[in-house]
Amino acid sequence: FFCSKCFNGKSMAIPALILRRWDLNCYPVSDFAFNFLNSIRFEPIFDISLVNPKLYQLVSGLHQLRVHRMELVFLRDFILSCKIANKEHIYSKYLVVGEHLISDTELFSLADFSDVHKGTITPALQKIALAFKKHILSCMICNAQGSICEFCRDKNVIFPFLLREVKQCPQCKSIYHIKCFEESSCPKCLRIQQRLRAREPLGNS
């Protein structure tokens with residue numbers, strides 16, 4: 001039974017159930033709860049990695065979306081730091097989703113959960129990624145910010161957003177081909193260690 005003054009037949013998906021077991025069904029809620037949940041519908045305030053990181057393993061759509069968001073975080077950095085991209089308004093031109101979806105990998109809104117369930121959000125992010133990549137790969141300024149794999153010395157420039165091809169060193173954040181990378185012999189890390197040893201007083205050796 002529900003109080004007739006508080007409940008008027010309204011229903012809503014419950015955030016706790018979404019985060020706990022990916023239950024997006026609507027349940028009866030009070031008028032106050034309904035209005036509150038509607039008011040925060042588009043606010044990116046739910047961090048899956050903090051509340052229930054296992055959800056990424058249980059829901060393939062969330063896992064795929066997370067990968068696309070990781071890619072877009074790197075792409076976004078290139079676009080925002082490029083004078084040509086800024087002049088052509090590439091960032092704002094293709095920003096057809098909430099900005100948090102391409103500037104962060106973990107935060108979600110209630111609307112995002114619904115869009116993931118419907119399967120509409122990933123295609124939108126893929127379209128943005130393609131537009132950003134098209135500019136970056138053809139732009140001299142962006143290419144100058146790319147890297148060369150110091151293991152194989154291949155002349156082709158690599159970028160951190162090429163998630164299937166490159167590996168980022170967890171220590172120094174330099175990038176290398178996945179097939180080349182060996183964390184114990186990262187060239188940049190070794191140079192840093194050599195510099196630190198050179199600065200140590202001789203009496204400490």
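Start by selecting helix α5, residues 60–80, in this predicted model. Find M70, which sits in that helix. M70 counts as partly exposed because its relative accessibility is 34%. Now add V67 and L163 to your selection: together with M70 they make a nonpolar surface patch of about 200 Å².

Stay in helix α5 and select E71. Is E71 buried or exposed? With a relative accessible area of 11%, E71 is buried. To see what surrounds the E71 side, show A129, K133, F161 and L163, which E71 touches once residues up to four places away in sequence are set aside. You have already met L163, as one of the residues of the nonpolar patch.

Next, turn to the cysteines. A disulfide is a covalent bond between the sulfur atoms of two cysteines. How many disulfides does the model have? The count comes to 0.

Select C142 and C139 to check this for yourself. The closest cysteine sulfur to that of C142 belongs to C139, and at 3.8 Å it is too far for a bond, because a disulfide needs the two sulfur atoms within 2.5 Å. C142 is also buried, with a relative accessible area of 0%.

For the last stop, select C189 and C169. The sulfur of C169 is the nearest cysteine sulfur to C189, 3.6 Å away, and C189 is in no disulfide. Colour C189 by accessibility and you will find 12%, so this residue counts as buried.

Methods:
Residues are numbered from 1 along each chain as its sequence is written. This is a predicted model: local features need pLDDT of at least 70, side-chain atom pairs count only at pLDDT 80 or more; totals for chains, interfaces and linings use all residues. Side-chain values use heavy atoms; hydrogens and water are left out. Patches are made of residues with over 30% relative accessible area and no salt bridge: like charges are joined within 9 Å, nonpolar side chains (Val, Leu, Ile, Met, Phe, Trp, Tyr) within 5 Å. Accessible areas come from the Shrake-Rupley method with a 1.4 Å probe; for residues, only the protein chains shown count as cover. A salt bridge is a side-chain nitrogen of Lys or Arg within 4 Å of a carboxyl oxygen of Asp or Glu. Helices (H or I, at least four residues) and strands (E, at least two) are DSSP runs, numbered from the N terminus. Buried means under 20% relative accessible area, exposed over 50%, partly exposed in between (1.4 Å probe, protein chains only). Contact means heavy atoms within 4.5 Å.
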